[in-house]
Amino acid sequence: MNSILSIGLSMLFLFQGFTLSLRDLAQIGDLVEHVNFHASTYGDSFEIFLSKHYGELKEKHTRDNQEEKDEHEKLPFSHQCNIHNFIVFVHIPNDYFSSKVILGSNTSPIFFYSESYSSIRESEIFQPPRLA
């Protein structure tokens, strides 16, 4: 059970690192259609398609094909995400939060505490020797 849980959490962290979202998974159909369009129109293989839309040929392909701009926006995994998390811990001493008002109580306590054990220090066995 522990291994299944650790594998599941590892996969969750991996997918969060890739910034996968449900929107990306829903757009897989658009990706397949666009791959087929490139294969039939330009004769591109899948590797060239990936290079034109996600790799080094992306800028040139975007400049040359302005009419396909709407189709390119529908492709998954093309969003850019910048996430900045700042965790700040500020330690403030308790003096700032201490109450300056002394609250008094007019009611008498209804319980009493008495020690039910004796301290080990009171025993003579654990005292230092008296004669040297």
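The secondary structure of this predicted model comes to six helices and zero strands. Reading from the N terminus on, you will meet the elements in the order α-α-α-α-α-α. Of the 132 residues in the protein chain, 13% count as buried. Turning to contacts between residues at least 6 apart in sequence, 45% of them join residues at least 24 apart.

A word on confidence helps before looking at details. The protein chain has a mean pLDDT of 77, and 67% of its residues reach 70 or more. Here is how confidence runs at its two ends among the helices:

| Helix | Place in the confidence range | Mean pLDDT |
|---|---|---|
| α3 | highest | 90 |
| α6 (residues 69–73) | lowest | 80 |

Let us now look at α3 and its contact with α4. Helix α3 spans residues 28–41 and helix α4 spans residues 46–54. Their axes come within 10 Å and cross at roughly 115°. Angles from 65 to 115 degrees count as roughly perpendicular, so α3 is roughly perpendicular to α4. The crossing in which α3 passes α4 is right-handed.

Which residues bring α3 and α4 together? From α3 come Leu31, His34, Val35 and His38, and they meet Phe46, Phe49, Lys52, His53 and Tyr54 in α4. By character, the residues of this contact between α3 and α4 divide into five nonpolar, three polar and one charged.

For a tour of the model, α3 is a friendly place to begin: confidence in the protein chain is highest there, and the helix offers the right-handed crossing with α4 to explore.

Note on methods:
Residues are numbered from 1 along each chain as its sequence is written. This is a predicted model: local features need pLDDT of at least 70, side-chain atom pairs count only at pLDDT 80 or more; totals for chains, interfaces and linings use all residues. Side-chain values use heavy atoms; hydrogens and water are left out. Axes are lines fitted to C-alpha atoms, for helices over the stretch in contact, and angles run from 0 to 180 degrees between N-to-C directions. Helices (H or I, at least four residues) and strands (E, at least two) are DSSP runs, numbered from the N terminus. Angles under 35 degrees count as roughly parallel, over 145 as roughly antiparallel, 65 to 115 as roughly perpendicular and the rest as oblique. A crossing is left-handed if the near helix is turned anticlockwise from the far one by less than a right angle, and right-handed if clockwise. Contact means heavy atoms within 4.5 Å. Ala, Val, Leu, Ile, Met, Phe, Trp, Tyr, Cys and Pro count as nonpolar, Asp, Glu, Lys and Arg as charged, and the others, Gly among them, as polar. pLDDT is the predictor's confidence in each residue, from 0 to 100. Buried means under 20% relative accessible area, exposed over 50%, partly exposed in between (1.4 Å probe, protein chains only).
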